[in-house]
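Work through the exercises below with the sequence and the 3D view side by side. Try each task before you read its solution.

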Amino acid sequence: MKICKKILCLFICLIIFVLPCFSVEKGSVKYEDNLMDYSVLDGQKILQEADAFFKQYETTKDVNCLGTAMGKYYIVTKIYPVEIYPMVQLARTYDEKKLDKFAKEYFSICYDINKKDPYLNYYLGDFYYKRNDYKRALRYFRRAYDNGYSEYYDLNIKIATIYEKFADLLKAKYYYEKAFAMNPTNTSLKDKTLQIESLNYYNSGYYKNSDR
């Protein structure tokens with residue numbers, strides 16, 4: 001068991017420091033899988049560790065935590081090759097590293113598995129949202145919304161923000177109000193809806209009488 005743990009640690013180091021460079025050189029995210037017998041590993045334990053390091057990165061922005069999370073998520077995707085969650089998480093680590101090509105490759109793999117998955121669509125939408133590609137972001141956000149995330153606070157805010165950017169004030173107001181109902185302590189959301197109301201949006205020329 002100790003030997004297995006040592007091999008795993010070495011493999012994680014290879015992934016963290018070698019995989020991104022290897023991928024850039026070869027132009028894909030493939031890797032030689034014969035270095036490890038994944039069947040002997042505890043996938044759930046490694047996934048929990050990966051999540052812990054990713055959460056630590058989100059709090060501290062420590063790139064070492066991000067690298068460790070990436071390595072562990074990569075191993076989990078090999079143990080569970082059709083599970084969307086670890087695949088999305090791996091894509092998110094590439095997103096954080098600004099390796100867009102590899103992030104999109106893993107998102108694409110997930111999309112082939114289940115294009116309606118709300119977790120996938122939320123973070124795929126977020127990928128484009130952070131890059132100001134709001135049309136694509138809205139497409140995936142709406143798919144997440146329609147498939148189980150309609151009560152997700154952050155999603156409602158982001159959809160509202162996009163509609164406001166598109167000058168569709170009625171829809172923006174709807175989602176801001178919905179987000180405010182979920183978190184009444186956020187007075188800025190209430191202010192936002194009042195601001196939109198003050199514009200008399202029904203007569204502004206921005207109002208669009210279409211389904212939400």
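**Exercise 1. Place Lys98: in which loop does Lys98 lie, and is Lys98 buried or exposed?**

Solution. Start with the position. Lys98 lies in the loop between H4 and H5. Helices here are DSSP runs of H or I with at least four residues, strands are runs of E with at least two, and both are numbered from the N terminus. Next, take the accessibility. Lys98 has a relative accessible area of 62%, so Lys98 is exposed. The classes are buried (under 20% relative accessible area), exposed (over 50%) and partly exposed (in between), with a 1.4 Å probe and protein chains only. Last, check the backbone. Phi of Lys98 is near 65°, a positive value in a residue other than glycine.

The model is predicted: local features need pLDDT of at least 70, side-chain atom pairs count only at pLDDT 80 or more, and totals for chains, interfaces and linings use all residues. Residues are numbered from 1 along each chain as its sequence is written, and side-chain values use heavy atoms, with hydrogens and water left out.

**Exercise 2. Find the loop that holds Asn132, and give the phi of Asn132.**

Solution. Asn132 lies in the loop between H6 and helix H7 (134-149). Phi of Asn132 is near 65°, which is positive in a residue other than glycine. Then add the surface. The relative accessible area of Asn132 is 52%, so Asn132 is exposed.

**Exercise 3. Describe how H4 packs against H5.**

Solution. Two packed helices are described by the angle between their axes and the distance between the axes. Axes are lines fitted to C-alpha atoms, for helices over the stretch in contact, and angles run from 0 to 180 degrees between N-to-C directions.

- Step 1, geometry. The axes of H4 and helix H5 (residues 100-113) come within 7 Å and cross at roughly 160°.
- Step 2, direction. That makes H4 roughly antiparallel to H5. Angles count as roughly parallel under 35 degrees, roughly antiparallel over 145, roughly perpendicular from 65 to 115, and oblique for the rest.
- Step 3, hand. H4 and H5 make a left-handed crossing. Left-handed means that the near helix is turned anticlockwise from the far one by less than a right angle; clockwise is right-handed.
- Step 4, partners. Residues of H4 including Ile84, Met87 and Val88 meet residues of H5, among them Phe102, Ala103 and Tyr106. Contact means heavy atoms within 4.5 Å.
- Step 5, classes. The contact of H4 with H5 has 13 nonpolar residues, no polar ones and one charged. Nonpolar covers Ala, Val, Leu, Ile, Met, Phe, Trp, Tyr, Cys and Pro; charged covers Asp, Glu, Lys and Arg; the others, Gly among them, are polar.

**Exercise 4. Now do the H3 and H4 pair: at roughly what angle do the axes cross?**

Solution. The axes of helix H3 (residues 63-79) and helix H4 (residues 84-96) cross at roughly 150° and come within 9 Å. H3 and H4 are therefore roughly antiparallel to each other. The crossing of H3 past H4 is left-handed. Leu66, Met70 and Tyr73 are among the H3 residues in the contact, and H4 brings residues including Tyr85, Pro86 and Met87. By class, the contact of H3 with H4 holds 10 nonpolar, three polar and one charged.

**Exercise 5. Repeat the analysis for H2 and H3.**

Solution. The axes of helix H2 (residues 43-60) and H3 come within 8 Å, crossing at roughly 155°. H2 is thus roughly antiparallel to H3. The crossing of H2 and H3 is left-handed. Gly43, Ile46 and Leu47 are among the H2 residues that meet H3, where the partners include Val63, Cys65 and Leu66. The contact of H2 with H3 has 14 nonpolar, three polar and three charged residues.

**Exercise 6. Which residues does Glu96 touch, not counting residues up to four places away in sequence?**

Solution. Glu96 lies in helix H4. Glu96 touches Tyr57, Lys61, Leu66 and Lys130 with that exclusion. At 28% relative accessibility, Glu96 counts as partly exposed. Glu96 and Phe127 are 31 residues apart along the chain, and their C-alpha atoms are separated by 9.5 Å.

**Exercise 7. Count the helices and strands of the chain.**

Solution. The chain has 10 helices and zero strands. Of its 212 residues, 44% are buried.
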